[in-house]
Amino acid sequence: HLFGILLINHYIACCFCAISSFADEDAATWVRAYGLDEIDFADVYINALHWSLTQFSPATNNIAPQSSVERVFAILVVLFALIAFS
């Protein structure tokens with residue numbers, strides 16, 4: 001059960017990273033907003049995984065979506081978490 005949750009969160013983190021990566025150069029993204037665009041991808045992924053895990057729990061997180069696409073994705077993730085773990 002735990003492995004499944006981690007795997008789902010891995011995919012969500014990858015999608016969250018991809019949304020930022022494929023955004024226009026001048027678009028606001030969570031990676032740029034938190035100054036993560038100049039660090040290794042592994043560190044960006046760790047931040048995205050942390051964000052993903054906090055969507056499934058009451059834990060706090062300082063990362064927030066910065067664009068409409070990121071916000072819609074975040075909403076879908078929260079809805080999925082509510083449905084999957086209700």
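**Exercise 1. What share of the 86 residues counts as buried?**

Let's start with the whole protein: 27% of its 86 residues count as buried, meaning under 20% relative accessible area, with exposed being over 50% and partly exposed in between (1.4 Å probe, protein chains only). A note on the model: it is predicted, so local features need pLDDT of at least 70, side-chain atom pairs count only at pLDDT 80 or more, and totals for chains, interfaces and linings use all residues. Residues are numbered from 1 along each chain as its sequence is written, and side-chain values use heavy atoms, leaving out hydrogens and water.

**Exercise 2. Check the span of helix α4 (residues 68–84).**

Step 1: Helices are DSSP runs (H or I, at least four residues; strands are E, at least two), numbered from the N terminus. The protein has four helices and zero strands.

Step 2: The expected span is 1.5 Å times one less than the number of residues. For the 17 residues of α4 that gives 24 Å, and the end C-alpha atoms are 24 Å apart, which agrees.

**Exercise 3. Which residues of α4 are buried, and why do they line one face?**

Step 1: The buried ones are E70, F73, A74, V77 and A81.

Step 2: Viewed down the axis of α4, the buried residues fall within an arc of 100 degrees (taken from the directions from helix axis to C-beta atoms), so they line one face.

Step 3: Turned away from that buried side are the exposed residues S68, V69, L76, L82 and I83.

Step 4: The buried residues of α4 pack against α1 (2–21), α2 (30–33) and α3 (41–55), where contact means heavy atoms within 4.5 Å.
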